[in-house]
Amino acid sequence: MDTNTAGNYSSPARGRYSRNASNLTFDARVARLNRIANTMRQNVVDMVYTAQSGHIGGALSAADFVTALYFDLMNIDPANPHWEDRDRFVLSKGHACPIWYSALALRGYFPESELKTLRKNGSRLQGHPIATYLPGLDASTGSLGLGFAQAVGIAMEGKLLKKKDYKVFAVLGDGELDEGVIWEASLAAAKYKLDNLVAIVDMNNLQLDGTIDEVMPIEPVDAKFRAFGFDVMTMDGHDMADVLTTLTKARNARAGKPICILANTVKGKGVNFMEHQLDWHGKAPNDEQYKKACDELQACKELEGVES
Ligand SMILES: Cc1ncc(C[n+]2csc(CCOP(=O)(O)OP(=O)(O)O)c2C)c(N)n1
Ligand SMILES: [Mg+2]
């Protein structure tokens, strides 16, 4: 696997999309991000179809806020993936990695053509992300709960040891909240007043084999995180204006408390027949379903005026 390590690879660092140009109006930023989110969704569908396996529903539910982070808000440099001052991103619900890989490729961390190697033997794009394989991955994730614990550690290092200003964004699933380690890590986040940590919970109300209530009731999530010492915010995870406003507020917060954003989302968002469907947690589309999904995303693209 040596040839697959990030260290042996020189990043092109010129992605199809860059970070937001700062002179855009708020409305123009929102419109731009909606167009990029559509491309992100198309990439997810293409990847899982090509691999004929992978987690599509939870990648699509996270598409909008991951887009806002990577193409507008996060302070990162694809030409220098290990830059010490960069903001960090940890996809704790690592099974949804097609959306992470798509963001990294579109920002130029590696060639977009590599996306079609998802889940192939020898590929750097494994079914769960391996940080040493690919530039831009700040943590290896997939065993639910452990990514968030790593994010808390990274935030502790930034705030307490290195005294850096970087932010750590961690994306969690609502089913993932069943893991005890989430709450152990939360205790530490509050104890060390990690106001550089932003946990975003993808509240799509489904997990692997049932609704959240069926598998393990977790509500009230907001009161639980508050009781664990977090500042809690809520957003519509598919309303890009709300996503941008809430993430900006979280990014700028310095209240001496970690932040938790509850993102109300729809599993499978953007492909009608996948939306709210448990079946699409970890299933690949067949030829007919793939064509239907592409037609829908293409129609949405034309509506949004996507340029590429
Ligand atoms: C420790 C651990 N237990 C079980 C699994 C198997 N698993 C993979 S995805 C998943 C459901 C996750 O649901 P959720 O966090 O809500 O993710 P999303 O709905 O966003 O896909 C489970 C149980 C795992 N990856 N790790
Ligand atoms: Mg879920």
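The exercises below go through parts of a predicted model, each with a worked solution.

This is a predicted model, in which local features need pLDDT of at least 70 and side-chain atom pairs count only at pLDDT 80 or more, while totals for chains, interfaces and linings use all residues. Residues are numbered from 1 along each chain as its sequence is written, and chains are lettered from A and ligands numbered from 1 in the order in which they are written.

**Exercise 1. The shell around ligand 1**

Find how many residues surround ligand 1, and which helix gives the most to this shell.

Solution. Begin with the count: ligand 1 is surrounded by 20 residues, and the closest are G58, G173, G175, E176 and Q207. A residue is near a molecule if its C-beta atom, placed from the backbone, lies within 6 Å of it. Next, look for the main contributor, which is helix α2 (residues 57-61), with three residues in the shell. Helices (H or I, at least four residues) and strands (E, at least two) are DSSP runs, numbered from the N terminus. Finally, sort the shell by character: four residues are nonpolar, 11 are polar and five are charged. In this sorting, Ala, Val, Leu, Ile, Met, Phe, Trp, Tyr, Cys and Pro count as nonpolar, Asp, Glu, Lys and Arg as charged, and the others, Gly among them, as polar.

**Exercise 2. The two sides of helix α6**

Work out which residues of α6 are buried, and why they lie on the same side of the helix.

Solution. First take the dimensions: α6 (residues 180-191) has 12 residues and reaches 17 Å from its first C-alpha to its last, close to the 16 Å expected at 1.5 Å a residue, where the expected span is 1.5 Å times one less than the number of residues. Then list the buried residues of α6, which are I182, A185, S186 and A189. They cover an arc of only 110° around the axis, which puts them on the same side of α6; the arc is that of the directions from the helix axis to the C-beta atoms. A residue is buried if 20 or more other C-beta atoms lie within 10 Å of its own, exposed if 12 or fewer, and partly exposed in between, with C-beta atoms placed from the backbone. On the face turned away from the buried side are the exposed residues G180, L187 and K191. As for the cover over the buried residues of α6, it includes α5 (146-161), β2 (168-173) and β3 (197-203).

The last step follows the chain beyond the helix, to K193, whose phi is near 50°, a positive value in a residue other than glycine. K193 is found in the loop between α6 and β3, and is partly exposed, with 15 other C-beta atoms within 10 Å.

**Exercise 3. The nonpolar core and I200**

Identify the residues that touch the most other members of the largest nonpolar core, and then the contacts of I200.

Solution. A nonpolar core is a set of buried Ala, Val, Leu, Ile, Met, Phe, Trp, Tyr and Cys residues joined through C-beta atoms within 7 Å. The largest has 85 residues, of which L69, I99, A151, A170, L197 and I200 touch the most other members. The element that gives the most to this core is α1, with 10 residues. Turning to I200, and leaving aside its neighbours within four places in sequence, the contacts are F65, F169, A170, V171, I261 and A263; two residues are in contact if their C-beta atoms, placed from the backbone, lie within 7 Å.

**Exercise 4. Surroundings of three loop residues**

Decide for Q52, G268 and P220 in which loop each is found.

Solution. Start with Q52, in the loop between α1 and α2, which has a positive phi of about 55° although it is not a glycine. Q52 is exposed, with 11 other C-beta atoms within 10 Å. Continue with G268, which is found in the loop between β5 and α10 (287-304) and counts as buried, with 25 C-beta neighbours inside 10 Å. The C-alpha atoms of G268 and W280 are separated by 7.0 Å, although these residues are 12 residues apart along the chain. End with P220, in the loop between α7 (212-215) and α8 (221-227), where the peptide bond from E219 to P220 is cis, with omega near 0°.
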